[in-house]
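Let's take a walk through this protein together, one region at a time. Keep the structure open beside you, so that you can find each residue as we reach it.

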Amino acid sequence: MIMIMMIIRVVTTPQRLDVLADMSKSEKVVPTSLAFVDIAGLVAGASKGEGLGNKFLANIRECDAIVHVVRCFEDANIVHVDGSVDPLRDIDTINLELILSDIEQIERTLQRAKKGKQSDQQKLLAGALERIFEALNSDKPARFVELDPDEELAVKSLGLLTKKPVIYAANVIDTDLSAGNEMVDKVRQFAGKEGAEVVIISAQVESELVDLDPDERKEFLDDLGVKEGESGLPALIRAAYKMLNLQTYYTTGPKETRAWTIKVGATAPQAAGEIHTDFEKGFIRAETIGYDDLVKCGSEKEAKEKGLMRSEGKEYVVKDADVMLFRFNV
């Protein structure tokens with residue numbers, strides 16, 4: 001049982017980058033990536049310092065989200081720390097430790113807040129934390145407590161563990177990767193109650209895919225009844241992007257093809273600001289085309305001739321997989 005929360009950087013949408021780079025004859029390709037911080041298994045009592053408890057819990061506070069990797073397979077050669085495999089028990093163990101850690105942190109924060117005269121901001125924070133504290137003591141995570149925007153901002157700096165969104169990654173053997181098993185079904189049922197997503201992965205399969213070329217990889221996954229990109233690490237990346245409200249856009253040319261990560265709902269100037277703040281300050285317009293349209297046309301020139309290349313202004317909301325060229329003046 002491990003918490004993904006060694007740092008592993010995973011390249012996203014590499015196929016699209018390769019296609020665009022080939023089309024533009026780019027000298028360099030720069031992908032965007034998602035960082036997974038792999039934290040060794042937490043145990044009961046971690047919130048009180050058992051194992052490497054508090055150190056690992058502190059690491060989780062610095063992450064944007066939690067991917068809880070849950071064992072969903074039997075193997076007599078891999079001994080479970082509790083002596084048996086029970087994914088729901090494992091989830092409960094971790095969730096309890098996260099709740100206990102948040103309770104301790106909130107108690108300390110409230111004690112400090114009660115000393116001396118409280119500012120309006122301190123009163124706002126105290127009120128939000130008291131409601132969260134009540135939920136935690138009923139075994140409900142902080143993310144279930146409804147807060148207004150000002151309260152959300154006030155509690156954000158605390159990095160409450162149970163406030164972070166969660167994905168459950170059901171780790172199975174290779175033969176269960178395509179359809180899962182009864183243990184995966186139990187995890188899905190549990191996750192459904194809290195609105196969390198479940199992704200089926202197989203650490204066994206992922207370790208074997210690393211050494212295979214694209215054709216071998218496809219054949220290997222076909223034999224398992226799995227379509228490439230629909231499970232495992234690619235599916236986990238998509239789920240993480242969705243959970244964190246992220247999307248990707250691209251820039252491409254002879255010098256470089258690059259992927260950029262932005263928030264869903266970002267405007268063209270905000271997307272330009274990811275490249276350089278001057279691009280956002282001096283934004284004029286963005287020549288824009290969807291990735292699929294550009295690939296179908298085969299070239300930027302052909303896309304322009306067909307009228308598919310658009311000139312978008314400051315109000316344009318960037319779409320996932322847009323290919324953009326920014327015009328700016330500073």
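Before the first stop, one definition will help: a polar contact is a pair of N or O atoms within 3.5 Å, and within protein one of them must be able to donate a hydrogen and the other to accept it. Please also keep in mind that the model is predicted.

Now for the overall view. The protein has 330 residues, and 44% of them count as buried. Its secondary structure comes to 13 helices and 12 strands. Along the principal axes, the C-alpha atoms fill a box of roughly 65 × 60 × 30 Å.

A good place to use that definition is N181, which sits in the loop between β6 (166–171) and α6. Its side chain reaches the backbone oxygen of C72 at a distance of 2.9 Å. Is N181 buried or exposed? With 16% relative accessibility, N181 counts as buried, because the cut-off for buried is under 20%. Setting aside neighbours within four places in sequence, N181 is in contact with C72, V172 and D176.

From that loop we can step to helix α6 itself, which spans residues 182–193 and packs with helix α3, residues 87–113. The angle between the two is about 40°, and their axes are 9 Å apart. That angle makes α3 oblique to α6. On the α3 side the contact is made by P87, L88, I91, D92 and N95, while α6 brings M183, K186, V187 and F190. Sorted by class, this contact has six nonpolar, one polar and two charged residues.

While we are on α3, have a look at D102, which is also found in this helix. D102 has 0% relative accessibility and therefore counts as buried. Which residues does D102 touch, not counting those up to four places away in sequence? They are R61, L136, L160, L161, T162 and K163.

Next, let's turn to helix α5, residues 149–156, and begin at its N-terminal end. There D148 acts as a cap, with a side-chain oxygen 3.0 Å from the backbone nitrogen of D150. Further along, the buried residues of α5 are E151, A154 and V155. These three cover an arc of only 90° around the axis, so they lie on the same side of α5. The spacing fits a general rule: an α-helix has 3.6 residues a turn, so residues three or four places apart point the same way. The face turned away from the buried side of α5 carries the exposed residues P149, L153 and K156.

What do the buried residues of α5 pack against? Their partner is α4 (120–136). The helices α4 and α5 pack at an angle of about 90°, and their axes are 9 Å apart. They are therefore roughly perpendicular to each other. From α4, the contact draws on Q121, L124, L125, A128, L129, R131 and I132, and from α5 on D150, E151, A154 and V155. By class, the residues of this contact divide into seven nonpolar, one polar and three charged.

The loop between α4 and α5 deserves a pause too, since D139 is found there. D139 has a positive phi of about 65°, although it is not a glycine. With a relative accessible area of 57%, D139 is exposed.

A second residue with an unexpected sign awaits in the loop between α9 (232–243) and β8 (246–252), where N245 is found. N245 is not a glycine, and yet its phi is positive, at about 60°. At 37% relative accessibility, N245 counts as partly exposed.

Our last stop is T261, in strand β9 (residues 256–263). T261 has 22% relative accessibility, so it counts as partly exposed. Which side chains make polar contacts with the side chain of T261? One is that of T32, at 2.7 Å, and another is that of Y241, at 2.9 Å. Not counting residues up to four places away in sequence, T261 touches T32, Y241, L246, Q247, T248 and E274. For a sense of distance, T261 and E219 are 42 residues apart along the chain, and their C-alpha atoms are separated by 31 Å.

Methods
Residues are numbered from 1 along each chain as its sequence is written. This is a predicted model: local features need pLDDT of at least 70, side-chain atom pairs count only at pLDDT 80 or more; totals for chains, interfaces and linings use all residues. Side-chain values use heavy atoms; hydrogens and water are left out. Axes are lines fitted to C-alpha atoms, for helices over the stretch in contact, and angles run from 0 to 180 degrees between N-to-C directions. Helices (H or I, at least four residues) and strands (E, at least two) are DSSP runs, numbered from the N terminus. Angles under 35 degrees count as roughly parallel, over 145 as roughly antiparallel, 65 to 115 as roughly perpendicular and the rest as oblique. Contact means heavy atoms within 4.5 Å. Ala, Val, Leu, Ile, Met, Phe, Trp, Tyr, Cys and Pro count as nonpolar, Asp, Glu, Lys and Arg as charged, and the others, Gly among them, as polar. Buried means under 20% relative accessible area, exposed over 50%, partly exposed in between (1.4 Å probe, protein chains only). The arc is that of the directions from the helix axis to the C-beta atoms.
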